[in-house]
Amino acid sequence: MNLFKSNQSEFAWWVEINTAVPRCTYYFGPFDTEKEAQLSRTGYVEDLYEEEARDIIALVKQCQPDVLTVFQEKAEVQISSF
């Protein structure tokens, strides 16, 4: 028996949206059902697109986010000289 594994059915449904520009993860919810989250997903994507977010990926999943918006730092580019 694994005591550290939680039962996902305990969690509410959330819309998780990842954008490349800006590099962020957004969580919208909670929703009581997967269907309710699915129906709301399009509106959130449209709102972010209107705010000039790009490369948007939206997922519906059961989880319990700690924060609702996660700003990711820009990837550092290292240039090697030969």
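Two strands are taken to pair if DSSP finds at least two bridges between them. The legends below use that criterion for a predicted model.

**View 1. Overall fold of the predicted chain, with one helix and four strands.** From the N terminus onward, the elements follow the pattern β-β-α-β-β. The chain has 82 residues, and 23% of them count as buried. Its accessible surface is about 6700 Å², with 51% of that area belonging to carbon and sulfur atoms. Among contacts with a separation of 6 or more, 61% are between residues 24 or more positions apart.

**View 2. The open sheet of four strands, in the order β3-β1-β2-β4.** Strands of a sheet pair through backbone hydrogen bonds, in either a parallel or an antiparallel sense. The pairing in this sheet is antiparallel. Because β3 and β4 stand at the edges with a single partner strand each, one side of each has no neighbour in the sheet. From one strand to the next, the twist averages 15°. The helix α1 lies across β1, β2 and β3, and runs at about 160° to β3.

**View 3. The β1-β2 hairpin and its residue pairs.** Two residues make the hairpin connection from β1 to β2. The two strands are antiparallel and share six bridges. Glu16 has Tyr27 of β2 as its bridge partner. Trp13 has Phe31 as its bridge partner in β2.

**View 4. The two edge pairings of the sheet.** β1 and β3 run antiparallel and are joined by eight bridges. In this pairing, Trp13 is opposite Gln62 of β3. β2 pairs with strand β4, residues 69-71, in the antiparallel sense over three bridges. Two positions mark the β2-β4 register: Thr25 is opposite Val70 in β4, and Tyr26 is opposite Thr69 in β4.

**View 5. Surroundings of Glu16, a residue of strand β1.** Is this acidic side chain's residue, Glu16, buried or exposed? The cut-off for buried is under 20% relative accessible area. Glu16 has a relative accessibility of 8%, so Glu16 counts as buried. Its side chain makes a polar contact of 3.0 Å with the side chain of Lys61. A polar contact of 3.3 Å links the side chain of Glu16 to that of Asn18. Leaving out residues up to four places away in sequence, Glu16 touches Thr25, Tyr26 and Tyr27, as well as Ile57, Ala58, Leu59 and Lys61.

**View 6. The largest nonpolar core, with eleven residues.** Its members are Trp13, Val15, Ile17, Cys24, Tyr26, Phe31, Ala37, Leu48, Ala53, Ala58 and Val60. Two or more of these residues come from each of β1 (13-21), β2 (24-31), α1 (34-50) and β3 (54-62). Which residues does Cys24 contact beyond its neighbours within four places in sequence? They are Ile17, Asn18, Thr19, Val70, Phe71 and Gln72. Of these, Ile17 also belongs to the core.

**View 7. Thr33, in the loop between β2 and α1.** The relative accessible area of Thr33 is 40%, which means that Thr33 is partly exposed. Thr33 and Trp13 are 20 residues apart along the chain, and their C-alpha atoms are separated by 6.2 Å. Trp13 is a member of the largest nonpolar core. Trp13 also has bridge partners in the sheet, with Phe31 in β2 and Gln62 opposite in β3.

Conventions
Residues numbered from 1 in each chain as written. Predicted model: local features only at pLDDT ≥ 70, side-chain atom pairs only at ≥ 80, totals over all residues. Heavy atoms only, no water. Core = buried A, V, L, I, M, F, W, Y, C linked by side-chain atoms within 4.5 Å. Buried < 20%, exposed > 50% of the residue type's maximum accessible area, 1.4 Å probe, protein only. Contact = heavy atoms within 4.5 Å. Areas by Shrake-Rupley, 256 points an atom, 1.4 Å probe, with all protein chains shown as cover. Polar contact = N/O pair within 3.5 Å; in protein donor to acceptor, adjacent residues only side chain to side chain. Axes fitted to C-alpha atoms, helices over the stretch in contact; angles between N-to-C directions.
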